[in-house]
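Colleague: Please take a close look at one pocket for me, with its lining, and then show me how the surroundings fit together. I work at the bench, so plain words are welcome.

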Amino acid sequence: MATLANAVDPGDFANLVFASLVETARAKPAKRRGTTRSGTVDDTLYIAPTVEGFSEQYRTAVDHAIEQLAKASIAADPDRQALYAIVDKLLPDVRARHLERKIEQLLDVLADTHDPMAEFHTTVAADNTAIRQRFMHEVETLTSAEVAGRAGHEAKNRHQTAARWKAQARVFAVPYQGQDRFPTFQFDADGKPLPLIKRVLEVLPANRTHWQTAFWFVSSNSWLGGPAPRELLDDDAAVLEAAAHESDEISG
């Protein structure tokens with residue numbers, strides 16, 4: 001008989017147990033925690049770590065997780081020692097990740113509060129956000145799935161084609177709202193990458209961000225007499241020369 005420990009992916013089980021811990025924390029009265037609940041405070045703050053063994057809270061969470069798995073038609077093994085072993089192994093990593101996140105959040109607060117350049121950086125961030133939003137409004141882009149669709153690729157993983165072309169530096173993408181967006185001017189009529197794009201990406205300075213690369217393609221370029229590089233993608237030599245001058249300016 002397969003045990004629950006073997007039937008469930010450890011990562012999924014860890015997430016399920018953590019969700020149970022959060023639910024346990026939410027269910028506890030505020031008085032027992034010695035503090036007042038606030039809707040703006042992360043529930044994970046109320047999940048106390050266990051130094052040795054399992055606290056009653058963790059055992060309750062594991063049992064809760066088992067019940068949820070049972071409802072999903074996954075048989076629960078009566079011997080839960082294997083489950084506790086998995087949780088014992090995974091929970092320290094879960095706690096470490098959340099502690100790291102809390103530290104980063106505190107550092108962000110401290111930086112905003114005590115950094116004399118904080119206001120300047122906030123202004124720059126707002127300007128960059130506005131510029132990127134304008135880019136997304138004015139420049140047609142494709143999701144990874146849309147890239148595969150235009151190229152006529154019907155792989156089960158619709159993101160594979162774009163990811164492979166990006167890894168090969170045949171195209172570039174800009175991160176926007178949690179996903180990669182690929183400007184369409186990089187592709188030919190059949191949805192394949194223009195060979196010139198790879199050559200340009202090899203010539204442009206390697207330390208450029210994806211957004212800086214995107215802005216270079218759509219901005220007026222003095223080495224091209226004014227037009228933006230994306231307007232002259234049929235003139236390989238001119239665009240490559242303009243890209244080469246970007247490296248000259250940095251090295252000079």
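**The second largest pocket and its setting**

Modeller: Happy to! The protein chain has eleven helices and three strands; both are DSSP runs numbered from the N terminus, with helices being H or I over at least four residues and strands being E over at least two. Along the sequence they follow the pattern α-α-α-α-α-α-β-α-α-β-β-α-α-α. This is a predicted model, where local features need pLDDT of at least 70 and side-chain atom pairs count only at pLDDT 80 or more, while totals for chains, interfaces and linings use all residues. Residues are numbered from 1 along each chain as its sequence is written, and side-chain values use heavy atoms, leaving out hydrogens and water.

A word on confidence before the pocket. The mean pLDDT (the predictor's confidence in each residue, from 0 to 100) is 76 for the protein chain, and 59% of its residues reach 70 or more. Helix α9 (residues 195-203) has the highest mean, 96, and helix α3 (residues 30-33) the lowest, 44. Residues 30-52 have pLDDT below 50, and this stretch has 39 contacts in the model beyond near neighbours in sequence; a contact means heavy atoms within 4.5 Å.

Now to your pocket. The second largest pocket has a volume of about 200 Å³. A pocket here is an open set of points on a 1 Å grid over the protein atoms alone, where a 1.4 Å probe fits, with protein on both sides within 12 Å along at least five of seven lines; lining residues have an atom within 4 Å of a point. Its volume is the space filled by probe spheres set on the points, which are joined across faces, edges and corners. The lining is made of K166, A169, V171, F172, L201, L204, P205, A206, R208, T209, H210 and T213. By type, seven of these are nonpolar, three polar and two charged.

T213 is a good residue to pick out from that lining. T213 belongs to helix α10 (residues 210-218), and its 8% relative accessibility makes it buried, the cut-off being under 20% relative accessible area with a 1.4 Å probe on protein chains only (exposed is over 50%, partly exposed in between). Beyond neighbours within four places in sequence, T213 touches F172, L201, L204 and R208, and those four residues also line the pocket.

Further along the chain, V239 sits in helix α11 (residues 236-251) and is buried, at 0% relative accessibility. Apart from neighbours within four places in sequence, V239 has contacts with L196, V200, W216, L224, P229, L232 and L233. V239 and R199 are 40 residues apart along the chain, with 9.8 Å between their C-alpha atoms.

To finish, here is the sheet. Three strands make an open, antiparallel sheet in the order β1-β3-β2. β1 (141-142) and β2 (174-176) are at the edges, each with a single partner strand, so one side of each has no neighbour in the sheet. Strand β3 (residues 179-183) pairs with β1 over two bridges, and pairing requires at least two bridges found by DSSP. In that pair, L142 faces F182 of β3. F182 is also among the contacts of S144, together with R158, H159, A162 and D180, leaving aside neighbours within four places in sequence. S144 lies in helix α7 (residues 144-151) and counts as buried at 12% relative accessibility.

Technical notes
Nonpolar A, V, L, I, M, F, W, Y, C, P; charged D, E, K, R; others polar.
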